[in-house]
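Here is a short briefing to read alongside the model. Keep the viewer open and follow the residue names as they come up.

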Amino acid sequence: MRRKTSLVLLALAVFFAALSPLLRWYAFPRLAKIPANQYQDMVLEAKDATLIDYNDGMKAKKVPKVTIVQTLKGNVEASEKIEQTAGKDVVVWDGLSYVVGPDGKMVSKIPERYIFDAHTQEPVHATGESVDGDPVKRVGIEFKWPFLTEKRDYQYFDAQARTSAPIHYKGTRTFRGVDVYYFEQTVPWTKVPFPKTMPVQGITPQSLAKTGTTRWYTTVRKFWVEPLTGAPVYGEELHKEELRGGTLLGGRDKVTVFAGDVKMREDYIRHTVDLVKSNRTLVLLMTSYLPWGFLVLGLLLLALSLWLEARSRRPAATKAEEPEPVTA
């Protein structure tokens, strides 16, 4: 009976020992993915910012606050269509960056379509990949880092410049009780397109091009990224835009369109941190808790199996024979 029990325990030990690396290196990369129907929004604010007033001689003025609302909506129908030819799990995010001035009026709005691998977050090039209606071919990440983010530089796509550049790992920090990797990217002054939708009726990118005036942009982009989930828990940008040259400025060399320190609003920070903490537990379960737990369980079962096998092989004790009495 002990022999049979030890064999059963040995089989279970082999099963759990084999399951440990399979869960970590095979199952996790296939199970961990961004859902195709995910929806998220984010509100950022730039307080004491500088904003151009198109109705007052195109002068740059100080304003109490500029608000940026960013939304990302999963397009399930589009992702399923692309998956048919891509041969992988694909996520399509239809994004919108909507900027509102202190008077509640629209300053700019720029739509995006971001197509990427649901598991690795690598871009997937397909029809519809765009920024503000212009076709683009992204290199690197945008919005989200990959699961199990590494301590290294990544290529990050800049929607304004329509190009990618390194975003540098700057060290490990603690943000609101969460260990994060801090990344920073500096985009130097770069000539960028005018938004297709302008805040003044009748003004279009085509009419602006005729004046010879150009739009320039620079930013210092900062992200605090939770490495297990690859989700930024906080973001900030030191953002500047200018109009330069041409007849539109009335002889001036340049005018500030917008300048401010853009930060996540406090309520969205709290919501994001709570969400990332809960998702972090799920990733830990797949990458650490269960694999190590199964490995330890397998070793314990192996030890118990060997102990029972050793006991089953021990010879039974025999009663010593009594010596016969010696007779004369």
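**Around Gly128**

Leaving out residues up to four places away in sequence, Gly128 touches Arg113 and Ile115. The model you are looking at is a predicted one. Gly128 makes a handy starting point, and the bullets below go on from there to the whole chain, a helix, a proline and two backbone angles.

- Gly128 is found in the loop that runs between β4 and β5.
- Its relative accessibility is 32%, so Gly128 counts as partly exposed, given that the partly exposed class lies between 20% and 50%.
- Val92 is 36 residues away from Gly128 along the chain, yet the C-alpha atoms of the two are separated by 9.5 Å.

**The chain as a whole**

- Four helices and twelve strands make up the secondary structure elements of the protein chain.
- The radius of gyration is 31 Å, well over the 20 Å that the globule rule gives for 328 residues, so the protein chain is more spread out than a compact globule.
- Taken along the principal axes, the box filled by the C-alpha atoms is roughly 145 × 40 × 30 Å.
- Of the 328 residues in the protein chain, 43% are buried.
- Among contacts with a separation of 6 or more, 61% join residues 24 or more positions apart.
- The protein chain exposes about 18600 Å², and carbon and sulfur atoms supply 58% of that area.
- There are 45 positive and 37 negative charges in the protein chain, and the mean positions of the two sets are 1 Å apart.

**Helix α2 and its two sides**

- Helix α2 spans residues 76–86, and Ala78, Ser79 and Ile82 are buried in it.
- These buried residues cover an arc of only 95 degrees around the axis, which puts them on the same side of α2.
- Which exposed residues sit on the face of α2 turned away from its buried side? They are Glu77, Lys81 and Gln84.
- The cover over the buried residues of α2 includes β3 (90–100) and β4 (106–117).

**Pro205**

- Pro205 lies in helix α3, which covers residues 205–211.
- With a relative accessible area of 16%, Pro205 is buried, because the cut-off for that class is under 20%.
- Neighbours within four places in sequence aside, Pro205 is in contact with Phe194, Pro195 and Lys196.
- Arg162 and Pro205 are 43 residues apart in sequence, and their C-alpha atoms are 16 Å apart in space.

**Two positive phi angles**

- As background, most residues other than glycine have a negative phi.
- Gln121 is not a glycine, but its phi is positive, at about 70 degrees.
- You can find Gln121 in the loop between β4 and β5 (130–131).
- Is Gln121 buried or exposed? Gln121 is buried, and its relative accessible area is 0%.
- Arg176 also has a positive phi, of about 50 degrees, although it is not a glycine.
- The loop between β8 (163–175) and β9 (178–192) is the place of Arg176.
- Arg176 is partly exposed, with a relative accessible area of 41%, whereas Gln121 is buried.

Methods
Residues numbered from 1 in each chain as written. Predicted model: local features only at pLDDT ≥ 70, side-chain atom pairs only at ≥ 80, totals over all residues. Heavy atoms only, no water. Rg over C-alpha atoms; globule rule 2.2 N^0.38 Å. Buried < 20%, exposed > 50% of the residue type's maximum accessible area, 1.4 Å probe, protein only. Contact = heavy atoms within 4.5 Å. Areas by Shrake-Rupley, 256 points an atom, 1.4 Å probe, with all protein chains shown as cover. Lys, Arg positive; Asp, Glu negative; His and termini not counted. Charge placed at Lys NZ, Arg CZ, Asp CG, Glu CD. Arc of directions from axis to C-beta.
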